[in-house]
Amino acid sequence: MANTVSFAVRRTAPLVHNARFFSSGAVDIDHYASGWNSKDMVTSSGKYQIKTFNKISPKGLEKFPSELYEVKAEEWDSNNAHAILLRSHKLQESEIDVSVRAIARCGAGTNNVPVARMTEIGIPVFNTPGANANAVKELVLCGLLLGSRKIVDGVNHMKDLGSKGLAKERVEKDKAMFGGQEIRGKTLAVIGLGHIGASTARDAAALGMDITGYDPGLSIESALKLPRDIQLCDSISSAIASADYVSLNIPYIKGEGGTHGIIGSDVLGQLKPNAVVLNFARGELVDSEGMKGFLDNGGKYISDFPDDLVWEHENAILLPHLGASTEEAEDAAAAMAAETIREYIETGAIRNSVNFPNTSLPSRSETVVRISVVNKNIPGVLAKITETFAKENLNITQQINQSRGDVAYNVLDIEATSGSIDLKELQKGLTMTDGVLSSRVVFGTPGVGYARNIEGEYWV
Ligand SMILES: NC(=O)c1ccc[n+]([C@@H]2O[C@H](COP(=O)([O-])OP(=O)(O)OC[C@H]3O[C@@H](n4cnc5c(N)ncnc54)[C@H](O)[C@@H]3O)[C@@H](O)[C@H]2O)c1
């Protein structure tokens, strides 16, 4: 097989199985628990198997209830994981079992996961946007104070005095050297009103600041978090016109039309001479030469990133990328990753995927079987999928079809009041349809009910 993914298990013997309903509403599709080839035996413990790479926050993993899930670390020598959870581990295709239905990265970036390949073989990859937003926002608020009061200079001075045994004697006399200003009543311009920017705007307003903001791609979710009195502007220039502080909360995007060096001498030259620039987004957003000129003229720079030109400048305070470094942010990212995996596995809904379309689903009635189908986004496949249900004389009570790039995702609820559906034939027919990558009985016995079409071969 040309396929480079390590598919270790395959069931060959045909088994007869019909769907039966339990009072819980789950469908008994225990048809994959036996008949696996004995060499690569797949055990069905009746629970979903979650494989983790890296140390994942236990608080996050608590989101997987033990009566439904078994969570095992990477050393787990098995081949029937249903989902993978990881942080920075560079995931190899050979580590992805044939049974894997979803992969979640606890964090924002997914460049350690072979996303394009996963799209080709129909596996959604999830991330956790905004899970660290509170941690970063709190440090931005700290940055506002670092830029307003001579806190760092004061701390260093106290160490110096302490080392000389002079602290008590000099402290009251010397404090005049470290005067500052308050943030209440000052204007903060927030550039980028996403997860971090919107909550920074809200909390800075609560501290008595006037807020201006600029974000040409403002989402409804973020807009709802904004303070009522925010003044929304149509450019960086107009947002910073009256600013005492500027907080950068936009992504770094390389190349033409990107954000490399977006804060250069042209922008910095429009600021009040003693303004404070807070950069807890990315170092590359700020042009170092421009910043040096700004600092030389009395401006201040508080940043979470290194800068070879201004690190020693008396008006700069640089932190070692501490924004997301809190226990709570790690817990929140792991919890969000676990929740998105659970939602996908248990209901078929998709949110926060980097390669699959967002799909929100109505709840299922007890009298339907829910089946999901992943297919290549090419003409004609959808018609063939619905035809397969028609051939089995099944009534589709609701159907959702979403697509993104090369992949399409369908969720179909089928009426099953008779209590008996030949799932084997149905699923095989669906899965082996040209252009279909996989199918899944979503409401089934945990851990089973997944079938794949890999280059014309049927894997369950
Ligand atoms: N310091 C840290 O440790 C740390 C941690 C997490 C994130 N970050 C940085 O913070 C950034 C923001 O994070 P987030 O979670 O709020 O992201 P987000 O995607 O929720 O929000 C980014 C917002 O910026 C807007 N935007 C994009 N380009 C813009 C432009 N040119 N001008 C104005 N607005 C623009 C987008 O429309 C979006 O609303 C990230 O991209 C990342 O670089 C830093």
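**Overall architecture, ligand shell and nonpolar core**

The chain contains 13 helices and 20 strands. The model described here is predicted. Of the 460 residues in the chain, 41% are buried. Contacts between residues at least 6 apart in sequence were also examined, and 65% of these join residues at least 24 apart.

The surroundings of the ligand were considered next. A shell of 31 residues surrounds the ligand, and the closest of these are Gly 192, Gly 194, Gly 217, Pro 251 and Gly 323. Two helices, H3 (133-146) and H6 (195-206), each contribute at least two residues to this shell. The greatest contribution comes from H6, which provides three residues. Classified by residue type, the shell around the ligand comprises 15 nonpolar, 13 polar and three charged residues.

The nonpolar interior was then analysed. The largest nonpolar core consists of 106 residues, and those with the most contacts inside it are Ala 83, Leu 85, Ile 103, Val 246, Leu 278, Ala 337 and Ile 341. Helix H11, spanning residues 327-347, gives the most to this core, supplying 10 residues. Both domain 1 (9-130 + 328-459) and domain 2 (133-318) are represented in the core, each by at least three residues.

Val 246, listed among the core residues with the most contacts, illustrates these packing relations. When residues up to four places away in sequence are left out, Val 246 touches Ala 189, Ile 191, Ile 240, Leu 271, Ala 275, Val 277 and Leu 278. One of these partners, Leu 278, also appears among the core residues with the most contacts.

Notes: Residues are numbered from 1 along each chain as its sequence is written. This is a predicted model: local features need pLDDT of at least 70, side-chain atom pairs count only at pLDDT 80 or more; totals for chains, interfaces and linings use all residues. Helices (H or I, at least four residues) and strands (E, at least two) are DSSP runs, numbered from the N terminus. A residue is buried if 20 or more other C-beta atoms lie within 10 Å of its own, exposed if 12 or fewer, and partly exposed in between; C-beta atoms are placed from the backbone. Two residues are in contact if their C-beta atoms, placed from the backbone, lie within 7 Å. A residue is near a molecule or strand if its C-beta atom, placed from the backbone, lies within 6 Å of it. Ala, Val, Leu, Ile, Met, Phe, Trp, Tyr, Cys and Pro count as nonpolar, Asp, Glu, Lys and Arg as charged, and the others, Gly among them, as polar. A nonpolar core is a set of buried Ala, Val, Leu, Ile, Met, Phe, Trp, Tyr and Cys residues joined through C-beta atoms within 7 Å. Domain bounds come from an automatic or database domain assignment.
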